[in-house]
There are 4 protein chains.
Amino acid sequence: MMIRHALRRQLVNAARTPAVTKRYAHAPVAFNWEDPLDSTSLFTEEELAIEETAYSYCQERMLPRVLDAYRDEHYDRKILEEMGELGLLGATIKGYDCAGVSSVASGLITREVERVDSGYRSGMSVQSSLVMGGIDEFGTKEQKDRFLPGMAKGKMLGCFGLTEPNHGSDPGSMETTAKPHPSKEGYLSLSGSKTWITNSPIAEVMLVWAKLQSTGKIRGFLIERDQCPPGTLETPPLKNKNGLRASITGMIQLDECPIPEANMFPEVEGLKGPFSCLNSARYGIAWGVIGALEDCIARARTYALERRQFKNNPIAKYQLVQKKLSDAVTDASYGILAATQVGRLKDEGRLAPEMISMIKRQNCDRALMNARTLQEIFGGNAVSDEYGIGRHVANLFVTQTYEGQSDIHSLILGRAITGIQAFV
Amino acid sequence: MMIRHALRRQLVNAARTPAVTKRYAHAPVAFNWEDPLDSTSLFTEEELAIEETAYSYCQERMLPRVLDAYRDEHYDRKILEEMGELGLLGATIKGYDCAGVSSVASGLITREVERVDSGYRSGMSVQSSLVMGGIDEFGTKEQKDRFLPGMAKGKMLGCFGLTEPNHGSDPGSMETTAKPHPSKEGYLSLSGSKTWITNSPIAEVMLVWAKLQSTGKIRGFLIERDQCPPGTLETPPLKNKNGLRASITGMIQLDECPIPEANMFPEVEGLKGPFSCLNSARYGIAWGVIGALEDCIARARTYALERRQFKNNPIAKYQLVQKKLSDAVTDASYGILAATQVGRLKDEGRLAPEMISMIKRQNCDRALMNARTLQEIFGGNAVSDEYGIGRHVANLFVTQTYEGQSDIHSLILGRAITGIQAFV
Amino acid sequence: MMIRHALRRQLVNAARTPAVTKRYAHAPVAFNWEDPLDSTSLFTEEELAIEETAYSYCQERMLPRVLDAYRDEHYDRKILEEMGELGLLGATIKGYDCAGVSSVASGLITREVERVDSGYRSGMSVQSSLVMGGIDEFGTKEQKDRFLPGMAKGKMLGCFGLTEPNHGSDPGSMETTAKPHPSKEGYLSLSGSKTWITNSPIAEVMLVWAKLQSTGKIRGFLIERDQCPPGTLETPPLKNKNGLRASITGMIQLDECPIPEANMFPEVEGLKGPFSCLNSARYGIAWGVIGALEDCIARARTYALERRQFKNNPIAKYQLVQKKLSDAVTDASYGILAATQVGRLKDEGRLAPEMISMIKRQNCDRALMNARTLQEIFGGNAVSDEYGIGRHVANLFVTQTYEGQSDIHSLILGRAITGIQAFV
Amino acid sequence: MMIRHALRRQLVNAARTPAVTKRYAHAPVAFNWEDPLDSTSLFTEEELAIEETAYSYCQERMLPRVLDAYRDEHYDRKILEEMGELGLLGATIKGYDCAGVSSVASGLITREVERVDSGYRSGMSVQSSLVMGGIDEFGTKEQKDRFLPGMAKGKMLGCFGLTEPNHGSDPGSMETTAKPHPSKEGYLSLSGSKTWITNSPIAEVMLVWAKLQSTGKIRGFLIERDQCPPGTLETPPLKNKNGLRASITGMIQLDECPIPEANMFPEVEGLKGPFSCLNSARYGIAWGVIGALEDCIARARTYALERRQFKNNPIAKYQLVQKKLSDAVTDASYGILAATQVGRLKDEGRLAPEMISMIKRQNCDRALMNARTLQEIFGGNAVSDEYGIGRHVANLFVTQTYEGQSDIHSLILGRAITGIQAFV
């Protein structure tokens with residue numbers, strides 16, 4: 001408990017050091033293109049301080065690494081360790097050496113990480129929302145004690161195995177199964193295959209969802225890599241990705257892998273478990289993609305002010321350029337307000353899951369659309385990866401398709417609006 | 001002062017009578033398609049009570065009139081009188097028999113009126129924001145005392161004369177002038193022509209902007225119809241409109257019209273005056289159009305649930321229909337959050353005018369686009385005016401073009417983002 | 001036969017009189033914004049001459065009537081008589097006093113009529129494509145002789161009864177039935193109700209589709225108004241339309257209406273009959289809506305060149321205005337090429353019905369979208385019906401929803417592309 | 001001359017061998033999703049045979065190389081040699097060992113190459129349209145004799161140097177200059193820098209545009225790499241591109257590089273020269289991007305038919321998927337018709353340059369937009385480069401921005417429509 005308070009204080013204090021640029025020093029009356037609807041006024045001092053910490057870390061430590069990481073499809077696992085040191089992992093969890101901050105604060109962290117790169121944000125989301133969040137919500141006391149403190153520090157990395165090669169939008173049809181282990185007492189035997197698993201090649205602990213043979217119900221299992229006999233667990237990486245190249249992705253292949261019964265989540269059955277984890281991650285995505293969009297805006301604005309064409313005018317003077325900027329800035333502002341509102345409702349226990357479908361879908365769609373439009377401002381120069389915007393565009397397309405493809409969320413909303421499901 | 005408190009209490013109490021349907025009885029945890037992001041949780045009890053009053057009045061008294069009014073291009077001036085009785089006019093003004101409520105409360109009133117019809121909302125906006133708001137902000141104490149109480153009750157109707165036939169987006173080029181009256185001491189003589197003036201044919205008082213010859217600066221004048229000699233003031237109606245047909249529109253033609261010097265606003269010069277009034281009106285539009293969109297959603301949803309095609313399925317089951325509903329519901333939710341945020345900043349004195357350009361533009365654009373898409377759900381039946389959605393679509397196009405056409409607001413935002421103006 | 005040749009010659013000659021403006025005198029090498037991809041080069045001399053005839057008639061005789069007709073929801077049936085005199089009705093039919101021109105020529109006529117108004121084009125499409133075309137394709141020799149010559153002259157008006165109140169996109173579920181008449185030998189008794197029937201209140205002959213009780217199959221019937229006993233046929237008009245107000249629309253209500261067996265189409269059964277008629281009409285719509293769009297372009301261009309704002313610049317100088325014009329001109333050009341190609345294939349017997357779904361859908365969608373965007377150029381002035389563009393916008397929305405709503409055609413195409421139907 | 005005929009015959013015969021799949025064997029009456037508006041009927045037998053040759057080569061020889069080439073940013077210059085052997089380079093040129101085919105035939109070649117990859121098409125466009133086309137149009141007889149035959153065979157590679165680092169959309173401001181060489185008689189000295197030059201690192205001959213100091217006018221120069229003294233010519237590659245990674249791109253850096261006067265184009269001055277070359281290339285792009293889009297359609301359709309979700313339905317059954325396919329197929333069909341029409345006008349001498357702006361802009365915009373939408377069908381799997389569609393999406397964005405960014409072409413069209421230029 002004391003550790004947590006210390007950590008939160010550390011988070012807050014870090015932001016107060018004079019070295020940190022105060023972007024949000026006071027509320028503007030002049031229009032501020034970086035925060036046009038003054039969303040800053042909705043955040044607490046603590047939340048702002050946490051964002052400052054995250055902002056400084058991301059800009060100073062992450063940003064310099066991303067260009068090469070993206071080119072080479074390389075993920076530096078030290079990043080999670082560094083984030084752990086700052087208290088940024090599993091930040092909403094109370095206890096277990098976690099910071100216990102608000103959902104909005106965690107959203108602000110996510111925004112700052114994705115301002116650098118969606119792949120880095122994905123790596124963090126998996127650790128914080130999918131795995132730590134899942135353990136915190138559904139795990140036994142013993143499971144929490146065993147895994148959360150190490151994960152909070154970034155010393156132990158996690159991954160989340162739900163999606164299977166043949167079942168993307170429809171996890172209910174999963175084929176991975178858990179049955180009593182034929183030879184090891186007190187153990188279950190897991191077999192099956194998971195794909196597009198962020199962090200799987202480097203994770204020490206895997207939260208894998210499988211159908212328990214005895215009930216036919218989906219259950220959650222914590223698999224520790226170092227406990228798996230040779231040949232029962234493989235996590236080959238998936239390379240040559242079109243986007244999110246600064247994150248590492250792979251499969252989880254389980255072949256009669258023995259898992260102690262104590263590593264199964266005790267109560268949660270069916271899709272409720274993984275969907276709850278996904279909802280937390282999706283909430284973070286709704287924040288994160290706005291961070292990426294904001295970075296696109298800043299880059300496009302700078303380019304438009306510096307690039308001169310036709311009588312030496314900056315291209316920022318052209319109406320067609322200004323409209324692209326106006327559209328993007330507007331959608332970013334609206335997206336932040338919606339994410340903030342949902343964060344507040346989440347902490348007050350007033351969340352409907354479809355709210356998350358709404359903000360995940362809308363913020364991803366609008367971030368992607370605007371990023372693409374802003375990319376046009378760079379003209380032929382957009383083809384160079386040094387301008388950074390092409391990387392965001394490629395990443396944002398992926399965010400639109402994972403953790404619920406945009407159309408699927410449309411139909412989730414449609415079902416909530418009409419009472420009729422239209423998936424099939 | 002006491003009147004004001006009584007009025008506000010009356011507004012609040014009216015909403016508490018059992019006859020009124022409690023739409024917002026308590027916050028949902030289940031998804032509520034009418035308020036998906038629980039914006040209700042952002043409003044005070046008083047604000048909600050005011051919205052209930054407005055909602056009941058609009059649905060019970062306005063809605064039954066609108067179909068015929070729109071068909072016949074007829075505006076019933078009693079509507080403003082009825083709204084005055086309920087305390088809905090000039091509601092944010094403190095004193096002068098006005099209710100003195102928050103900007104958000106006034107936005108909620110606007111939303112409820114435009115849920116019925118944008119024309120009715122226009123009639124109210126002119127009275128409340130453009131004329132009463134202008135007098136309250138820029139008038140002398142004597143001007144306020146003389147005009148505001150009657151206008152608050154809807155006994156005296158106002159109109160706002162800024163736009164000229166040749167100067168729509170560019171009021172700085174206005175040609176209407178005020179010069180010393182050649183024969184009447186203490187009077188100025190106004191000449192010029194204003195067009196697309198809501199309420200002009202029925203207004204008793206006209207707030208007209210004209211260039212004062214002696215300074216070349218734009219000034220505001222309160223013209224009382226019953227004080228104008230014959231032939232100096234004409235207000236011919238403009239008929240055969242494509243939209244806003246339930247509001248009345250006309251010209252103001254001034255031909256050496258004598259105006260007492262005491263009817264000039266004392267200090268405000270240049271475009272600051274009219275732009276300040278317009279900003280208040282635009283703020284209201286940003287709320288109102290979401291009301292219209294919400295009505296389109298409700299109508300389209302009902303139609304989609306009742307209309308059956310192909311094997312007797314309600315068309316609400318079709319993915320292409322559900323996507324239209326999901327998109328519209330999302331944009332309505334986001335629009336309300338943004339308007340609420342700007343209302344709060346307005347009351348806290350933290351408003352940048354470009355914030356209003358942003359929400360006016362975005363909410364109008366999205367309301368129009370979604371209303372059009374929802375209209376497709378009605379198929380061939382959309383051609384009948386009885387479904388109401390065609391009326392909203394036609395109205396919303398007008399809201400997009402008046403009080404700052406959408407592109408103009410894009411360039412206002414573009415200028416604020418880049419520091420470079422691109423109007424010419 | 002000779003009549004037909006004379007008629008065609010008359011059509012051609014009419015266009016050659018010096019009084020007619022030669023819009024298409026020779027092919028441009030300079031860019032011609034009215035025909036940017038030189039589609040003129042694809043038309044025969046005869047086709048161009050026919051278009052000139054239609055153009056002159058439409059601009060000189062139709063255009064002056066349309067504003068009042070639209071305001072008052074009035075349709076002047078003399079229009080069809082005048083068109084008949086010029087040989088413009090049923091123009092592709094060979095024999096029976098019809099001109100026997102190419103499908104492209106008929107498309108060019110349609111384009112010129114809809115350049116004035118989609119309602120006028122609807123009135124003509126019903127007469128030419130739906131009724132005359134249906135009789136020509138499916139009627140007996142006797143039926144053709146009896147109806148076609150009078151209809152070609154516009155002396156006898158027709159309407160087409162397929163859509164029912166509960167079955168819009170799904171005519172296969174129709175409820176109108178034909179059974180042996182209980183008392184009149186050689187007669188069938190028709191009962192049922194049809195809605196949204198263009199021309200029904202003024203038609204003398206109605207091509208009505210009904211299920212023949214004995215087979216359960218849909219058959220076509222020619223109902224002559226003057227032969228129907230009182231009380232067996234009603235054709236009440238449907239008023240207060242949102243669009244197509246210059247056409248007349250109504251219902252057809254049949255209550256045990258006796259129809260001679262000789263008035264039934266002899267062979268065609270099922271949806272093949274009405275769908276074939278609809279395909280001809282849809283082909284015409286694909287041409288017509290481009291005519292309407294071209295008129296919007298011309299009106300918007302003129303307005304943009306004449307309207308001056310900000311330092312007295314014509315608003316045509318603004319990038320945001322130019323982009324709207326460029327987009328519209330491009331879509332119009334592409335639409336004409338596609339319609340021309342499909343017309344050629346039609347006459348060569350190489351038509352697949354889905355080609356018509358494609359051009360009907362695309363040309364309607366793009367015409368509507370661009371017309372709406374062009375309407376923005378008029379700013380607040382767009383609200384006046386005198387600029388004409390609001391009328392086109394309202395009309396074009398209707399064309400998108402009738403004779404196959406856009407989404408339905410998407411699914412027809414989708415079925416043809418994938419081999420899987422997705423209607424239910 | 002005889003070589004040319006032999007070559008053309010070879011092109012045609014190659015397509016007639018039984019080994020080649022006859023995709024276009026006869027015109028469909030059934031709907032053909034690969035050619036929905038039967039554009040095949042517009043091509044001559046020879047043109048179809050040429051397309052078959054190109055198709056076979058591209059699918060059999062190019063396609064297997066592209067995945068690795070794109071991953072590694074590697075361009076195999078043998079490709080141009082192979083194309084040369086087939087007679088596909090400079091194919092519209094008459095004489096000089098070129099095939100002398102129609103513009104439509106050359107467009108069909110382009111479409112087949114870009115069906116594989118836009119980068120490969122770029123490499124060919126530079127060789128054929130920009131350099132060979134430029135020499136053919138503007139070169140002396142001696143220049144043609146010296147360069148064209150080798151280039152036609154793909155033995156000598158060319159590149160085209162127009163764009164400079166500071167002047168993308170506005171080449172008139174170019175800074176590269178040619179002045180009399182200080183020491184070498186009969187030589188000019190060229191200095192300056194060109195960027196984003198496809199093929200520059202591997203080209204033997206460079207067509208470079210520079211301002212002739214004595215006149216201040218832009219002139220064209222043929223630079224032979226092997227004639228340039230060390231240090232006067234550098235062509236460093238530009239790596240780490242976001243798209244077109246299967247083409248090679250670089251700079252051209254000239255530092256007092258001596259060029260014989262005989263290597264200057266004799267007459268053409270100003271932007272007319274490079275713009276004429278660009279127009280030919282842009283014409284090819286308009287064809288090519290449709291090829292890429294068609295490949296996206298085929299890939300997405302296959303995926304949608306094979307991928308099963310929710311009750312084992314192929315996702316091709318979902319309305320939201322079918323709509324994406326319908327939209328894409330429609331735009332591809334329309335694009336081919338427009339490109340064909342412009343090709344015919346080109347060969348007839350009836351081309352206005354703005355026609356090319358129109359089809360380049362529209363086809364690029366629509367190809368990109370639809371490719372992006374189709375990519376959504378792949379859901380999370382889209383992130384894998386093995387599905388190919390992500391590569392097309394990245395490539396198509398580049399095609400939209402090079403050789404005239406989309407907005408620039410909008411303004412070129414806008415100028416042609418309104419008579420007013422809006423670039424500045």
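These are my notebook entries on the annotated domains, the cysteines and the A–B interface of this predicted model.

**Entry 1: annotated domains of chain A**

I started with the UniProt record, an unreviewed entry. It lists "domain: Acyl-CoA dehydrogenase/oxidase N-terminal" for residues 44–155 of chain A. I looked up the secondary structure of that span. Residues 44–155 of chain A are 75% helix and 4% strand. The end C-alpha atoms of this stretch are 30 Å apart.

I then went to the second annotation. The unreviewed UniProt entry places "domain: Acyl-CoA dehydrogenase/oxidase C-terminal" at residues 274–417 of chain A. Helix makes up 78% of residues 274–417, and strand 3%. Here the end C-alpha atoms lie 24 Å apart.

**Entry 2: cysteines**

How many disulfides does a search of the whole structure find? I found 0 over all chains. A disulfide would need two cysteine sulfur atoms within 2.5 Å. I checked two cysteines individually. For Cys296(B), the nearest cysteine sulfur belongs to Cys364(B) and is 13 Å away, so by the 2.5 Å cut-off Cys296(B) is in no disulfide. Is Cys296(B) buried or exposed? Its relative accessibility is 0%, so Cys296(B) counts as buried.

Next I took Cys277(D). Cys277(D) is in no disulfide either. The nearest cysteine sulfur, on Cys159(D), is 13 Å away. Cys277(D) has a relative accessible area of 2% and is therefore buried, the limit being under 20%.

**Entry 3: how chains A and B are related**

I superposed chain A on chain B. The operation is a rotation of 180° with 0.0 Å of shift along its axis, and the RMSD is 0.0 Å. The two copies are therefore related as by a two-fold rotation axis. I also compared the contact residues. Of those in chain A, 100% recur in chain B, and the same surface serves both copies.

**Entry 4: the A–B interface**

I listed the contact residues first. Chain A gives 60 residues to the contact, and chain B gives 60 residues. Between chain A and chain B, about 5,000 Å² is buried. Carbon and sulfur atoms give 62% of that area.

Which three residues supply more than any other three of the area that chain A buries against chain B? They are Phe31(A), Tyr334(A) and Ile417(A), with 16%. Ile417(A) is also the end residue of the C-terminal annotation, which covers residues 274–417.

I closed with the charged pairs. There are 4 salt bridges between chain A and chain B. I looked at one of them. Arg350(A) meets Asp38(B) through their side chains, at 2.9 Å from N to O.

Note on methods:
Residues numbered from 1 in each chain as written. Chains lettered and ligands numbered in written order. Predicted model: local features only at pLDDT ≥ 70, side-chain atom pairs only at ≥ 80, totals over all residues. Heavy atoms only, no water. UniProt positions renumbered as here; feature names shortened; annotations may be inferred. Helix = DSSP H or I, 4+ residues; strand = E, 2+ residues; numbered from the N terminus. Buried < 20%, exposed > 50% of the residue type's maximum accessible area, 1.4 Å probe, protein only. Least-squares fit on C-alpha atoms with pLDDT ≥ 70 in both. Contact = heavy atoms within 4.5 Å. Buried area = accessible area lost by both parts, 1.4 Å probe.
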